[in-house]
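Biologist: I would like a close look at a single part of this chain, the surroundings of one buried charged residue, and then at how the rest of the fold is arranged about it. Please take me through it in one connected account.

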Amino acid sequence: MQYEIKGGDYPVVVCQLKDGERMITEKGSMVWMSPNMEMDTKGGGLGKMFSKAFSGESMFQNIYTAKGDGMIAFGSSFPGRILALEIEPGRELIMQKSAFLASEPTVELSVAFNKKMGVGFFGGEGFIMQRLSGRGIAFVEIDGDLIEYNLAPGQQIVVDTGNVAGFESTVTMDVRQVPGLKNKLVGGEGLFHTYLTGPGRVMLQTMPISSVAAALAGLLPKGN
């Protein structure tokens, strides 16, 4: 599989497939393709379908197979970037639950639940994330621009939860209350911050869709 990421604020990734090669997506991300691409929709087994339903993800996968050399393009659903990630055994990635766009079939997508109680009760979107494992290329969506850090062992960075796009599985995530009652009530930064602790790669996004939705909601006229 060869690919090229094109476009500006609304990017697409165009994949050139040889006969028999396949791509997988779990939402309506296909934007165009050659007529010799064959689509097949499948579930991922009862256990996987249940966990995906619980997380708000689609319970089904769309599998596109090239019948002869073919082309298929997947498009971003929000202004930002499409990032190509090389997944290998021992280099799993944890991504925000809406990040996955498409991948080679050798990449395994599963639900990642954070085991820390603080994250579970207060982390919101950070509680349920996506785990990318296996081997192959996966394409993910980043809201806005991408900022990356490589954290040393024990090194921490404090992030607003919505700005966490993803991180390597060696990074630990926790959610803590903002210190001080006045900071909580009038600080404007919310009640909780996300702490990411190294070692490992951290991917941050500058314009999370949740923040945009909250800003737009504040501008809409209030009902009577």
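**A buried glutamate and its setting**

Modeller: In this predicted model, residues 24 or more positions apart account for 77% of the contacts in the chain with a separation of 6 or more. The chain has 224 residues, of which 43% count as buried, and it contains four helices and 19 strands.

The residue in question is E104. It sits in the loop that runs between strand 10 (100-103) and strand 11 (107-113). E104 is buried and yet has no salt bridge. The nearest side chain of opposite charge belongs to R135, and that is 9.3 Å away. What E104 does have is a polar atom of its side chain 2.8 Å from the backbone nitrogen of I137. E104 and I137 are 33 residues apart in sequence, but their C-alpha atoms are 5.8 Å apart in space. Leaving out residues up to four places away in sequence, E104 touches M1, R22, M23, G136 and I137.

Two of these contacts of E104, M1 and M23, lead into a nonpolar core. This core has 15 residues, and M1, M23, A66 and A102 are among them. It is separate from the largest nonpolar core, which has 16 residues. Within the largest core, the members that touch the most other members are L83, L85, I87, M95, L132, V140 and M203. At least two residues of that core come from each of strand 8 (80-87), strand 9 (93-96), strand 11 and strand 13 (136-143). In soluble globular proteins, nonpolar side chains tend to be buried together.

The other two named contacts of E104 on the far side of the sequence, G136 and I137, fall in strand 13, which spans 136-143. Strand 13 also takes part in one of the two aromatic pairs that a search of the whole structure finds. In this pair the ring centres of Y3 and F139 are 5.1 Å apart and the planes stand at 75°, so the arrangement is edge-to-face. Since Y3 belongs to strand 1 (residues 2-6) and F139 to strand 13, the pair ties together parts that are 136 residues apart in sequence. The two partners differ in exposure: Y3 is partly exposed, with a relative accessible area of 37%, whereas F139 is buried at 0%.

The other aromatic pair is Y64 with F74, whose ring centres are 6.3 Å apart with planes at 70°, so this pair is edge-to-face as well. Y64 lies in strand 6 (residues 60-66) and F74 in strand 7 (residues 70-75), ten residues apart. Both Y64 and F74 are buried.

E104 makes no salt bridge, but the count for the structure comes to six. One of them joins E4 and K6, with the closest N and O atoms 4.0 Å apart. E4 is partly exposed at 46% relative accessibility, and K6 is partly exposed at 42%. Another joins E38 and K67, where the closest N and O atoms are 3.9 Å apart. E38 is in strand 5 (residues 37-43) and K67 in the loop between strand 6 and strand 7, so this bridge ties together parts 29 residues apart in sequence. Both ends are partly exposed, E38 at 44% and K67 at 47%.

A further salt bridge joins the side chains of R201 and E148, at 2.4 Å from N to O. R201 lies in strand 19 and E148 in strand 14 (residues 146-151), so the pair ties together parts 53 residues apart in sequence. E148 is partly exposed, at 39% relative accessibility. E148 is also in contact with M203, one of the members of the largest core named above. Beyond its neighbours within four places in sequence, M203 has further contacts that include L83, L85, L93, M95, L146, I147 and F167.

One backbone feature lies next to strand 19. The peptide bond from G198 to P199 is cis, with omega near 20°. P199 is in the loop between strand 18 (192-197) and strand 19 (200-205). Most peptide bonds are trans.

Terms used. Residues numbered from 1 in each chain as written. Predicted model: local features only at pLDDT ≥ 70, side-chain atom pairs only at ≥ 80, totals over all residues. Heavy atoms only, no water. Buried < 20%, exposed > 50% of the residue type's maximum accessible area, 1.4 Å probe, protein only. Lys, Arg positive; Asp, Glu negative; His and termini not counted. Polar contact = N/O pair within 3.5 Å; in protein donor to acceptor, adjacent residues only side chain to side chain. Contact = heavy atoms within 4.5 Å. Core = buried A, V, L, I, M, F, W, Y, C linked by side-chain atoms within 4.5 Å. Phe/Tyr/Trp six-rings, centres within 6.5 Å; stacked < 30°, edge-to-face > 60°.
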